Structure formats: C-alpha cells, structure tokens
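This report looks at how a single chain is put together, beginning with one residue and its surroundings and then moving outward. Please keep the structure in view while reading.

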Amino acid sequence: MSQTLDQISMVGLKKMHCVVGLLSTLLLLGSVASPVRADSLTIDNAWVRAMPPSVKSTAAYMKVTNGSDSPVEIVEVASEAADMVQMHEHSMKDGMMSMQQVFSVQVPANSEFMFAPGGHHIMLMGLTAALEEGDSVELTLTTKSGNSQVVQAQVMKNPPAEADTPVHAH
Ligand SMILES: [Cu+2]
C-alpha cells in the first residue's frame, strides 16, 4: 500500500519536475529573447489630445514602425480609458470631412504607419475619466497574429513636435 503511494508520489514529483523544467526553459527563453516583439512593431510619439472635461471623446495618435520583413496588421485597439475604442479614418464625402471606423490597418514591411490628426486615428469614445494634460492613457494594440502591445500615450494639448508632420498619401 505504502509502496503504491510512494510510486504515485514519485510519478507526481516527476511530472512536477517536468513542469518546473518547462517553466524555467520558458523564463530563460524570455530573458534572452530580444526586446523586439514577435511582430516587431515599435511605437513612437503616442499621444492623446486633451479635451475640455465636458467633451467625452478624444483621439489618440502615434507612429507605428514595422521593423520586420512582413506586413503587420493591427486589428484592435483597446483601453480602459473609454467605453469604446475604434480605429477611424477621415475621408471627404460630398465636400465634407467625415470619419468612419476601420477594422484593420496594415503597417507595411520595413515601413511605418501614422495615426495622425486629419488621417487615421484611434477614437476614444465615452471617456471614463477626464483626461488632463500630463496624464497618460494605456492603449493595447492587437495584431492579426494575436500579439498584443501596450502603449502609454501622453495626454497633450498639442501634438509632440516630431509627430506634427503632414500626413503623406501613399
Ligand atoms: Cu474618429
């Protein structure tokens, strides 16, 4: 009886050892892997436009650089700062500037994509708290391959100097 128990616990210990071994292997891989994400997106100049407290929506902008040899598609942006977060693009319709939701944006291989005023932007609708200049907003970008990336966007009244460039139509 006690032998059986011992055998069981031996099996249990072996299993445990395997799990621990696997975990430490994963941790090791994690620590030696380069800081570049699997999708190799780099985010610069992420900012959110500060609005008067009475305005319950605003937009976030950033430069997304794809350092990989394959295009990367951003399919979702999420944030706790707003009830609803959507990617939008501006378009001219009957001479009127309007904006509409887009469900993905593609960052070409070894290239960049701008979320910028007057162009694509990340719309934050139903702000859960007033955003003041100097605050930061956490945004989570998810790519088609399922990788997520957390971005801290600074709340600013004016675009950061480097991001204040006209949007080029490609
Ligand atoms: Cu919009």
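## A residue and its core

In this predicted model, A153 touches A46, W47, V48, A60, M62, S136, V137 and L139, when residues up to four places away in sequence are left out of the count. A153 also belongs to the largest nonpolar core, which has 28 residues, and is listed with V48, A60, M62, V137 and L139 as having the most contacts inside it. Two or more residues of this core come from each of several strands, among them strand 1 (41-49), strand 2 (57-66), strand 9 (136-143) and strand 10 (148-156). In soluble globular proteins, nonpolar side chains tend to be buried together.

## The chain as a whole

The secondary structure consists of one helix and 10 strands, and the helix comes before the strands when the chain is followed from the N terminus. Of the 170 residues, 22% are buried. Among contacts with a separation of 6 or more, 71% join residues that are 24 or more positions apart.

## Two residues with positive phi

Most residues other than glycine have a negative phi. The table lists two residues that are not glycine and yet have a positive phi.

| Residue | Phi | Place |
|---|---|---|
| N45 | about 50° | strand 1 |
| D94 | about 50° | loop between strand 4 and strand 5 (96-102) |

Which of these residues is buried, and which is exposed? N45 counts as buried because it has 20 C-beta neighbours inside 10 Å, whereas D94 is exposed because it has 5 other C-beta atoms within 10 Å.

Terms used: Residues numbered from 1 in each chain as written. Predicted model: local features only at pLDDT ≥ 70, side-chain atom pairs only at ≥ 80, totals over all residues. Core = buried A, V, L, I, M, F, W, Y, C linked by C-beta atoms within 7 Å. Buried ≥ 20, exposed ≤ 12 C-beta atoms within 10 Å, placed from the backbone. Helix = DSSP H or I, 4+ residues; strand = E, 2+ residues; numbered from the N terminus. Contact = placed C-beta atoms within 7 Å.
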